[in-house]
Amino acid sequence: MKKIVLMLSLIGAMTWANAQSGEKELRNAYSHYGNGYYDKALRSIKSALQFEDTKNEAKTWLYYGNIALQISNSNNDYYKKMLPNAEMEAYNAYMQALTLDPNVNVPNMKPQTPKQGLVFVSNMLYQKAYTMLTQQNMDSAVIVAEMARKANGNVNTVFMYGFAAFHAKQYDITKKEFAILMKNKYKGQGVLPYRLLATVYQLDKDTAKTLQVVEETLKMFEGDSNYYVFASTAAIAYSWAGLEDKATEIMEDALNKNPNDITMLVNYGSSLIEHHKYDEAEKYLQRAIELEPNSYEVNYNMGSCYFNQYADMSKGLGDIDDDNEYDRLKNASEEVLKKSKPFLEKAQAINGNDYNTLYMLRQVYTRTNEYDKLNEINAKMKELKENN
C-alpha cells in the first residue's frame, strides 16, 4: 500500500513539474532578456510557446515580440541567423498578444505593451519595405508596408503602403491610401504622392478625379516652392484633359518663376512625348537644350521626341494607296528621324551603355544606310545583352 501511495505521489509531482515548466521557461526568457542574452531568451520563449499553460498567454507573446525586436535591432550576426526577419516575427508576436489580451502590460519590461512595441516595429518595417522597393521586390514590399501601416497607422506608413502599391501596380490601394494623405494635407513627401495619385486616375481614364487631385494639390501647396515642382504634373493633366490653355498657363507661369529649371522642362517635355504631343515637347526641350547642351537627359529626350514622332508617322504608311502621298509622308517621316540623330549620338557619347539610346540609333543608322555605325551599335548591344 505504501508503494502505491509513493507511486501516486511521484506521478503527482511529475504532473505538477510539467504543468509548471512553461512558466519556468517564461521566467528564464524574462531573465535572459533583462541581461541581454537574446539567444538564450529566444530559446526559452520558444520553449514556453510549446507548453499548454503559456502558449496562449498574451504575456508570452509580448515577451517573444520584445526579444525579436531586440534581435532585429542588434548588430550581432549570430542573433540575426537565429531569427531571420526578426522585425516581422516581432510584428506577428505583438499582434497575437493584442488578440489574446488587448490590455496586456508588463511594467518592468521595455516595451511594456504590444502597442508600444509595434511603434518601434513599424519603423523597421517601413525601412524594410523601402529596401525591397530598391531591390525591385515590389509585391513583397507591399506586404511589408501593409504590416508597417497596421503596426502604426501614421501618415508616414500610409505613404509607404500607397507608394509600394503604386510600384506593384496595385492601384486601388494607392488611391485609398493617398486619399487619406490628401485629406490630412500631408506634405512630408512633397508633391510625390499627389503626382502618383493623378497618374493613377489618368491610367483609369478618370478625368474628373485626375483634375480634382490636381486642383487640391495646387491649393495645398500654394505659396510653397513645391507648387512649381507640381506644375509640370498639373500641366500634363490639363493637356491630357484637353485643357490646353490651362496647361500652357501654369507651365509658363512656373517657368517664369524658375526659368532655369531643367528638371521641370525635361519632365514636362518627356510627358508630352508620352502623350504624342511632339511639337509642344520640342518647344520645351529646345529651351532645355539651350540651358544644358551637354546633358544626357536633355539630349536623350530631344532625340526620343523626334524618334517617336517618326514612329507615329510611319504607322499609317501601309494604309496609303496613293503612291505620291505615300512617298511624301515617307520622306517627311525620315526627315524627322534624321533630326533625332545628333541628339541621340550626343546622348550615347555621354552614356554609352543605355540600351534605349542604342536601340533608337540602330533604327536611325538602318534608315540612313550608315552600315559601319550600325555594326558598331549592334556589337555594343550584343555585348550589353551578354553581360546582363
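These legends go with a set of close-up views of a predicted model.

**View 1. The largest pocket and what lines it.** Here we look into a pocket with a volume of about 660 Å³. Its lining is made up of 25 residues, and Arg195, Thr199, Ile236, Ser271 and Glu274 are the ones that lie nearest the centre. Helices H8 (155-167), H10 (192-203), H12 (225-229), H13 (231-240) and H15 (262-274) each give two or more residues to this lining. H10 puts in the largest share, with seven residues. Sorted by class, the lining has twelve nonpolar, ten polar and three charged residues.

**View 2. Helix H16 and its buried face.** H16 covers residues 278-291, which makes 14 residues. From first C-alpha to last, H16 reaches 20 Å, close to the 20 Å expected at 1.5 Å a residue. Which residues of H16 are buried? They are Tyr278, Ala281, Tyr284, Leu285, Ala288 and Ile289. Looking down the axis of H16, you'll find these buried residues within an arc of 150 degrees, so they line one face of the helix. Flip to the other side of H16 and Asp279 and Glu290 are exposed. The cover over the buried residues of H16 includes helices H14 (244-257), H15, H17 (296-315) and H18 (323-350).

**View 3. Helix H9 and the residue with positive phi that follows.** H9 runs over residues 171-183, and its end C-alpha atoms sit 18 Å apart, which agrees with the 18 Å that 13 residues should span at 1.5 Å each. Its buried residues are Thr174, Lys175, Glu177, Phe178, Leu181 and Met182. Among the elements covering them are helices H7 (138-151), H8, H10 and H11 (207-220). After H9 comes lysine 185, found in the loop between H9 and H10. Its phi is near 55 degrees, a positive value in a residue other than glycine. Is lysine 185 buried or exposed? With a relative accessible area of 58%, lysine 185 counts as exposed.

**View 4. Backbone oddities in two loops, at proline 111 and glutamine 136.** Proline 111 has its place in the loop between helices H5 (86-100) and H6 (114-134). The peptide bond joining lysine 110 to proline 111 is cis, with omega at about -5 degrees. Glutamine 136 turns up in the loop between H6 and H7. It isn't a glycine, yet its phi is positive, at about 65 degrees. Glutamine 136 is also exposed, with a relative accessible area of 59%.

**View 5. Serine 44 in helix H2.** H2 takes in residues 38-48, serine 44 among them. Serine 44 has 7% relative accessibility and so counts as buried, the cut-off being under 20%. What does serine 44 touch, leaving out residues up to four places away in sequence? The answer is Glu25, Asn28, Ala29 and His32.

**View 6. Lysine 380 in helix H20.** This lysine belongs to the helix made of residues 371-387. At 24% relative accessibility, lysine 380 counts as partly exposed. Setting aside neighbours within four places in sequence, lysine 380 is in contact with Gly352, Asn353 and Leu358. For a sense of distance, take serine 140: lysine 380 and serine 140 are 240 residues apart in sequence, and their C-alpha atoms are 35 Å apart in space.

Methods. Residues are numbered from 1 along each chain as its sequence is written. This is a predicted model: local features need pLDDT of at least 70, side-chain atom pairs count only at pLDDT 80 or more; totals for chains, interfaces and linings use all residues. Side-chain values use heavy atoms; hydrogens and water are left out. On a 1 Å grid over the protein atoms alone, a cavity is a set of points where a 1.4 Å probe fits but cannot get out, and a pocket is an open set with protein on both sides within 12 Å along at least five of seven lines; lining residues have an atom within 4 Å of a point. Grid points are joined across faces, edges and corners, and a volume is the space filled by probe spheres set on the points. Helices (H or I, at least four residues) and strands (E, at least two) are DSSP runs, numbered from the N terminus. Ala, Val, Leu, Ile, Met, Phe, Trp, Tyr, Cys and Pro count as nonpolar, Asp, Glu, Lys and Arg as charged, and the others, Gly among them, as polar. Buried means under 20% relative accessible area, exposed over 50%, partly exposed in between (1.4 Å probe, protein chains only). Contact means heavy atoms within 4.5 Å. The expected span of a helix is 1.5 Å times one less than its number of residues. The arc is that of the directions from the helix axis to the C-beta atoms.
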